[in-house]
2 protein chains.
Amino acid sequence: MIFSSRLIEDAVAEFSKLPGIGKKSALRMVLHLLRQETADVDAFTEAISRLIHQITYCRQCHNVSDTEICSICVNTQRNPRQICVVETIRDVMAIEQTQQYNGHYHVLGGILSPLDGVGPEHLNIGSLLERVTKQGDTEEIIMALSPTLEGDTTVYYISRQLKHLPLKITTIARGIAFGGELEYADEMTLARSISKRLPVDNYVNVGPASGPSSDS
Amino acid sequence: MIFSSRLIEDAVAEFSKLPGIGKKSALRMVLHLLRQETADVDAFTEAISRLIHQITYCRQCHNVSDTEICSICVNTQRNPRQICVVETIRDVMAIEQTQQYNGHYHVLGGILSPLDGVGPEHLNIGSLLERVTKQGDTEEIIMALSPTLEGDTTVYYISRQLKHLPLKITTIARGIAFGGELEYADEMTLARSISKRLPVDNYVNVGPASGPSSDS
């Protein structure tokens with residue numbers, strides 16, 4: 001694309017590094033910013049600068065936080081004996097959004113992937129073991145990782161590490177998604193969802209933060 | 001959406017002000033930036049800051065420019081006796097992209113729209129008249145405005161203002177777009193494209209910067 005201004009060219013190049021943004025959308029955003037008040041654009045860049053320079057991660061669960069310990073970990077209304085292990089902070093947000101979970105979290109910061117060179121030492125697995133050992137009263141570790149080979153490997157690895165401790169390890173249920181069509185579901189999912197079928201009573205009961213079903 | 005961090009919330013709010021970006025995409029961008037190196041994110045915010053604080057507009061044609069007179073206006077290879085009148089700098093980029101035009105531009109900065117309170121005094125129409133009068137040797141004014149009621153009104157208004165000058169005023173051709181299907185074209189467009197039909201020779205000849213067809 002031909003730009004008559006180096007400044008526009010640079011800004012477009014920067015915007016098109018964002019996920020899902022091509023050159024055309026980037027240009028649209030740049031031209032949009034050009035039409036705004038200078039103060040509004042300054043607010044935009046300052047919000048991003050503040051984010052990147054001031055953000056901290058919770059010392060306990062590694063979730064993003066504005067304070068040393070995040071608002072979930074300090075909330076006494078939540079159950080610290082349940083720890084939900086997730087891959088990223090995005091997963092924390094997704095689960096919080098459902099308002100079905102009232103325990104704590106532990107953000108791994110990724111998933112075991114030998115092919116990409118991601119080993120246990122790159123993830124917050126050590127701090128999970130330390131946290132559980134130190135806390136002592138953990139009752140349940142809920143593995144909420146992606147249903148992929150890497151996810152299952154990570155679940156397996158962590159379970160092995162925690163085997164000696166007297167706690168329950170569960171994973172989130174796999175199955176046919178709401179609104180999903182049976183005939184288009186993949187074999188693995190369908191097989192799993194038949195073999196792990198639930199009594200209808202249990203299925204209907206989607207109350208807040210009820211314990212996991214007893215079939216495991 | 002529930003964010004555990006005020007910083008993330010602010011950044012997401014700022015991103016979702018961009019055109020075509022909802023809360024979910026905004027969050028995706030924010031989390032993407034969080035995964036980048038601080039220096040890369042600084043480069044992003046600095047490019048935008050520079051853009052908004054340093055950008056200038058060409059004193060002659062009002063196109064964006066890094067200098068007082070833009071690179072198109074100072075280019076002696078281009079024909080200053082043809083002036084293409086467009087609504088926004090985006091239109092300049094679109095026409096430059098085609099590489100079919102070798103004259104100068106004049107960016108109005110909008111279009112006459114009495115309903116939105118946009119009158120001639122809000123647009124760069126005065127400076128166009130001044131420019132043409134001062135320059136003296138303008139041969140053609142090409143109106144490349146949107147084919148809407150407002151666009152046609154603007155074309156009509158500017159033509160009236162230039163009526164006393166010995167120059168040709170043209171508009172870009174309206175018609176069925178390449179790849180457009182006849183049966184789905186609106187009546188106005190189809191009617192116009194039949195009444196302004198072109199000889200096949202002329203139609204095929206899409207050479208660089210040939211003059212407009214002589215039917216007017």
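**A guided tour with questions**

Visitor: Which helix of chain A holds His32(A)?
Guide: Helices here are DSSP runs of H or I with at least four residues, strands are runs of E with at least two, and both are numbered from the N terminus. His32(A) falls in the run of residues 23-35 of chain A, which is helix α2.

Visitor: What kind of model is this, and from which number are residues counted?
Guide: It's a predicted model, where local features need pLDDT of at least 70, side-chain atom pairs count only at pLDDT 80 or more, and totals for chains, interfaces and linings use all residues. Side-chain values use heavy atoms, with hydrogens and water left out; chains are lettered from A and ligands numbered from 1 in the order in which they are written, and residues along each chain, as its sequence is written, are numbered from 1.

Visitor: Is His32(A) buried or exposed?
Guide: Buried means under 20% relative accessible area, exposed means over 50%, and partly exposed lies in between, using a 1.4 Å probe and protein chains only. His32(A) has 15% relative accessibility, so the verdict is buried.

Visitor: Which residues of chain B does His32(A) touch?
Guide: Contact means heavy atoms within 4.5 Å. Leaving aside residues up to four places away in sequence, His32(A) touches Lys17(B), Leu18(B) and Pro19(B).

Visitor: How many aromatic pairs are there over all chains?
Guide: Rings of Phe, Tyr and Trp (its six-membered ring) pair if their centres lie within 6.5 Å; planes under 30 degrees apart are stacked, over 60 edge-to-face, and the rest tilted. Searching the whole structure turns up a total of 6.

Visitor: What is the angle between the planes of Phe15(A) and Phe44(B)?
Guide: The two rings sit 5.2 Å centre to centre and form an edge-to-face pair, with planes at 75°.

Because Phe15(A) lies in helix α1 (residues 6-15) of chain A and Phe44(B) in helix α3 (residues 38-54) of chain B, this pair joins two chains. Both Phe15(A) and Phe44(B) are buried, and the angle asked for is 75°.

Visitor: Which residues form one aromatic cluster?
Guide: Phe44(A) and Phe15(B) also make an edge-to-face pair, at 5.2 Å centre to centre and 75° between the planes. That pair crosses between chains, from helix α3 of chain A to helix α1 of chain B. The cluster consists of Phe15(A), Phe44(A), Phe15(B) and Phe44(B).

Visitor: Which strands stand at the edges of the open sheet in chain A?
Guide: Two strands pair if DSSP finds at least two bridges between them. The sheet has 4 strands in the order β4-β3-β5-β6, with parallel pairing. Each edge strand has a single partner, so one of its sides is left without a neighbour in the sheet; these strands are β4 (103-107) and β6 (168-171) of chain A.

Visitor: Which residue stands opposite Met143(A)?
Guide: Strand β5 (residues 140-144) of chain A pairs with β6(A) in the parallel sense over 4 bridges. Opposite Met143(A), in β6(A), is Thr171(A).

Visitor: What angle does helix α5 of chain A make with β4(A)?
Guide: Axes are lines fitted to C-alpha atoms, for helices over the stretch in contact, and angles between N-to-C directions run from 0 to 180 degrees. Helix α5 (residues 89-98) of chain A packs on the sheet and touches β3 (79-86), β4 and β5 of chain A; its direction makes with that of β4(A) an angle of about 160°.
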